[in-house]
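Open the structure in your viewer and keep the selection panel at hand. The stops below go from a pocket to helix packing and then to the backbone.

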Amino acid sequence: MKLETEIKQKSFKTPQQKLAVNLLYTTNWLNDHYAKFFKGSTLTVQQYNVLRILRGQHPNNCSLKLIKDRMLDRSSDASRIVDKLVLKKYVLRQPCPSDRRSVNLLISESGLTLLQKLDFIDESTKDIFKSLNTKQIEQLNSLLDDLRGK
């Protein structure tokens with residue numbers, strides 16, 4: 001559906017303004033899609049993102065800095081998220097032998113098991129993009145990379 005119809009706005013001042021609003025609207029639309037999977041769950045989208053980062057590092061541990069650098073929502077408080085995941089026993093916190101001020105983080109077996117149960121989310125995400133063919137998806141990815149100057 002066209003953005004103008006979705007937000008009930010007839011026109012925009014510039015194509016750039018429309019693009020900015022369109023990207024913000026689409027981001028929220030995607031966030032709402034993901035939030036549905038975690039409604040009624042003890043896990044949040046941000047916690048899910050941290051667990052996926054840790055799984056990508058597994059069996060190696062990682063630092064809080066690495067998690068912060070890789071998080072999708074950079075405004076999230078990574079320390080607080082990790083603390084909650086440690087309490088839920090999805091993440092193990094270990095002292096760093098080379099730097100006593102730092103800790104190493106490692107996804108636990110229960111964290112890996114939980115993510116395995118949630119892998120269906122990636123498959124269901126494909127349905128969001130079913131109106132686009134592979135070439136369009138690749139083009140959109142490229143355009144977004146270009147927009148961010150990558």
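Begin with the largest pocket of this predicted model, which has a volume of about 2,000 Å³. To find its centre, select Thr26, Thr27, Leu30, Phe129 and Leu144, which lie nearest to that point among the 40 lining residues.

Next, colour the helices around the largest pocket. Those that each supply at least two residues of its lining are α1 (3-7), α2 (15-38), α3 (45-57), α7 (120-125) and α8 (134-147). Which of the helices gives the largest share of the lining? That is α2, with 11 residues. Colouring the lining by class shows 19 nonpolar, 11 polar and 10 charged residues.

Stay with α3, one of the helices that supply the lining, and add helix α6, residues 109-118. Two packed helices are described by the angle between their axes and the distance between the axes. For α3 and α6 the angle is about 110 degrees, and the axes are 10 Å apart. An angle from 65 to 115 degrees counts as roughly perpendicular, so α3 and α6 are roughly perpendicular to each other. The crossing of α3 with α6 is left-handed.

Now show the side chains where these two helices meet. On the α3 side, select Tyr48, Leu51, Arg52 and Arg55; on the α6 side, select Leu112, Leu114, Leu115, Gln116 and Leu118. By class, the residues of this contact between α3 and α6 are 6 nonpolar, 1 polar and 2 charged.

Hide α6, keep α3, and bring up helix α5, residues 78-87. The axes of α3 and α5 cross at roughly 80 degrees and come within 10 Å. This angle makes α3 roughly perpendicular to α5. In the contact, Gln46, Gln47, Val50 and Leu51 belong to α3, while Ile81, Val82, Lys84 and Leu85 belong to α5. The contact of α3 with α5 consists of 5 nonpolar, 2 polar and 1 charged residues. Leu51 can be left selected from the previous stop, as this residue of α3 is listed in the contact with α6 and in the contact with α5.

The last two stops concern the backbone. Most residues other than glycine have a negative phi, and most peptide bonds are trans. Select His58 and Pro59: the peptide bond joining them is cis, with omega about 10 degrees. Pro59 sits in the loop between α3 and α4 (64-70).

Finish at Lys8, in the loop between α1 and α2. Is the phi of Lys8 positive or negative? The value is positive, near 55 degrees, in a residue other than glycine.

Methods:
Residues are numbered from 1 along each chain as its sequence is written. This is a predicted model: local features need pLDDT of at least 70, side-chain atom pairs count only at pLDDT 80 or more; totals for chains, interfaces and linings use all residues. Side-chain values use heavy atoms; hydrogens and water are left out. On a 1 Å grid over the protein atoms alone, a cavity is a set of points where a 1.4 Å probe fits but cannot get out, and a pocket is an open set with protein on both sides within 12 Å along at least five of seven lines; lining residues have an atom within 4 Å of a point. Grid points are joined across faces, edges and corners, and a volume is the space filled by probe spheres set on the points. Helices (H or I, at least four residues) and strands (E, at least two) are DSSP runs, numbered from the N terminus. Ala, Val, Leu, Ile, Met, Phe, Trp, Tyr, Cys and Pro count as nonpolar, Asp, Glu, Lys and Arg as charged, and the others, Gly among them, as polar. Axes are lines fitted to C-alpha atoms, for helices over the stretch in contact, and angles run from 0 to 180 degrees between N-to-C directions. Angles under 35 degrees count as roughly parallel, over 145 as roughly antiparallel, 65 to 115 as roughly perpendicular and the rest as oblique. A crossing is left-handed if the near helix is turned anticlockwise from the far one by less than a right angle, and right-handed if clockwise. Contact means heavy atoms within 4.5 Å.
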